[in-house]
Amino acid sequence: MSSKPAEDAAAKAFLARLAREDRSRLLRPVMLGLAAALCGVCQAWFIATLLAALLGFPGAGWGELAAAAVLALVQVGLAVAQERAQQAAGSAARARLRARVQARLLELGPADERPAGERAALIVDRVEALDGYFARWLPAARLAVIVPVAIAAAAAVADPVGGLILLAGAVLVPLSMALTGIGAAVQSRRQFEALQQLSGRFLDRVRGLPTLVLFNRQDDEAGALGRAADELRVRTLRVLRVAFLGSAAMELIAAAILGCLAWRHAALATGGHPSPTAALFVLILVPAFFAPLRAFSAAYNERMSAAGAAAALAPLLDAPAAEGLRLEEIPPDVVLTVEDLTLRYDPARPPALDGVSFRVLPGETLVLAGPSGSGKSSVLRVLLGFRRPDAGRVALNGRDALALHPAELRRLIAYVPQKPHLFRTTIRDNIRFARPEADDAAVEHAAREARVLDFTRALPDGLDTVVGEGGWGLSGGQAQRVALARAFLRDRPLVLLDEPTAHLDPGTEAEVLDGLRRLCAGRTAVIASHSPLLRDRFPARILTLENGRAVANRRSSREAGHVA
Ligand SMILES: Nc1ncnc2c1ncn2[C@@H]1O[C@H](COP(=O)(O)OP(=O)(O)OP(=O)(O)O)[C@@H](O)[C@H]1O
């Protein structure tokens, strides 16, 4: 496991890289902000001359008033344009980042062992938490350096000592923020951890709602969720407390600077000041001087949130992308050779696969049998490219399959999982999911082969019946036949099936087996299964695994193909 300082350094580097990528987009709000500030400086001068005139000093008239009004309007326009540019930079960065996170999570697929809630939090909350970093923090951090220096320089032209007093304020603000910021960083990280745990737990329990109701545990679970939410509330309040402390320190410094300048130009009140316009100019500049520092302080919290989000996103996005060769074409037949496959999920535990070898020819089916935990699904995980073995070789037609990019490897495969997922759409589109460009005739042919049409005839809209969450409920056997239809439509030379008949009654299992037999005919097929019916009645070779080792290799009584 990596240490906290290493994680923090990775998160910092990740944020710096994102900021570099967005440099050109950030230039616009910074330039607009600077232009608005310069307008403010000119406006302050005209207002100072007008105020001096009101105090009885000569030199100002309608011209200065009109100029101040025009500059005020221009400044408002620039501020609106700056806000829009900031929002655009924030949403562009979020969109880009979300696409990257999504692509990486999809690439990892089932190889990613994070709970679903945590993955959802990564793609929604964590990316969202970076919005303020791009839209507010990055422009504010740049403007907080440029604008106060520019204003202090303008003030120094009129009153050099006044300019120096302002500059002293500019140094004190980041100093106080650095002190409160250390606490904010710690609290913000804790708040994020609590939020992530809460959303992970919530999603998990929503999924398991029927189980909770079945065991009458809803009240206990509601209590536990309430406690987790309370913990989040406490941590959020701590973050806010530190943030309020930071802004209180900033207001204190601003008041002190204003006090110093007022004391320096106290002669204004008695009417004996030698250059009243310059004095008023410096005093009026104080709010404009602190405005970018205030925005910087307000956005500091965004940076803390972003650091928390980056700590979670960096390991996902910084991990090297899967590499490998591309497939030139999909061969019509595949000879699958597995030699001495060894896979270890956890170095402290015995290997899940320990030197497994087998060979499957085109037209042949290999059933991986064995007790629960013996390693059947692990073999499929390696063949699907979701896990890299620690040792051993997988070859397709004699060529190293592990050298292929995992996504390319999957182009050769039609996979039927134990529990197929049906999306909330029509049965037709659920089947077409396997090959989006397939026309209706091909979809219907696949549905016929998998005996889907046998049950859709009785449904209100046939193949166009909407199923999935909230749609028409299909039985386990019917859903399994839809998954088989997907595999028929995909039409690939290598077929992998994980417990395709688990939890089916013998009648339905026999029907699904019938479809499986047609799917495997002429293809290279590997089926992981406990089913005695499948082992005894399916024309296949049976490889029995025990504790990750192949312990027996025999033919089923219905074995029809030839054996390597
Ligand atoms: N992600 C994982 N992390 C750690 N260990 C794992 C992981 N997945 C599987 N294992 C372990 O590897 C071993 C083989 O698991 P595998 O899922 O391949 O067994 P199986 O034969 O398919 O079991 P079943 O028939 O119950 O599906 C088991 O001891 C299991 O606990």
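These legends go with a set of close-up views of a predicted model.

**View 1. The whole protein, before zooming in.**
Start with the overall make-up: the protein has 18 helices and 10 strands. It runs to 564 residues, and 40% of them count as buried. If you look at contacts with a separation of 6 or more, 78% are between residues 24 or more positions apart.

**View 2. The largest nonpolar core.**
This core holds 78 residues, and those touching the most other members are Ala-44, Leu-130, Ile-151, Leu-285, Ala-306 and Ala-310. Plenty of helices chip in: H1 (4-21), H2 (23-54), H3 (62-108), H4 (116-129), H5 (131-158), H6 (160-207), H8 (218-264) and H10 (276-318) each supply at least two residues. Which helix gives the most to this core? That's H10, with 25 residues. As a rule of thumb, nonpolar side chains in soluble globular proteins tend to be buried together.

**View 3. Around Ile-151.**
Here we zoom in on one residue of that core. Leaving out residues up to four places away in sequence, Ile-151 touches Ala-37, Val-41, Leu-166, Leu-285, Ala-288 and Phe-289. Leu-285 also appears in the list of core residues that touch the most other members.

**View 4. A second core.**
Separate from the largest core sits another one, made of 67 residues. Among them are Leu-341, Ala-447, Ala-525 and Val-526.

**View 5. The shell around the ligand.**
Look for 13 residues surrounding the ligand, with Tyr-345, Ala-352, Ser-372, Ser-377 and Ser-378 the closest. Sorted by class, the shell has 7 polar, 3 nonpolar and 3 charged residues. Helix H11 (residues 376-383) provides the largest share, 3 residues.

**View 6. Arg-451, a loop residue with a positive phi.**
Most residues other than glycine have a negative phi. Arg-451 isn't a glycine, yet its phi is positive, at about 60 degrees. You'll find Arg-451 in the loop between helix H14 (440-449) and helix H15 (452-456). Is Arg-451 buried or partly exposed? Arg-451 has 19 other C-beta atoms within 10 Å, and buried takes 20 or more, so it counts as partly exposed.

**View 7. Glu-499, another loop residue with a positive phi.**
Glu-499 also has a positive phi without being a glycine, and the value is near 45 degrees. The loop in question lies between strand S7 (494-498) and helix H17 (506-520). Glu-499 counts as buried because it has 21 C-beta neighbours inside 10 Å.

Technical notes: Residues numbered from 1 in each chain as written. Predicted model: local features only at pLDDT ≥ 70, side-chain atom pairs only at ≥ 80, totals over all residues. Core = buried A, V, L, I, M, F, W, Y, C linked by C-beta atoms within 7 Å. Buried ≥ 20, exposed ≤ 12 C-beta atoms within 10 Å, placed from the backbone. Helix = DSSP H or I, 4+ residues; strand = E, 2+ residues; numbered from the N terminus. Contact = placed C-beta atoms within 7 Å. Near = placed C-beta within 6 Å. Nonpolar A, V, L, I, M, F, W, Y, C, P; charged D, E, K, R; others polar.
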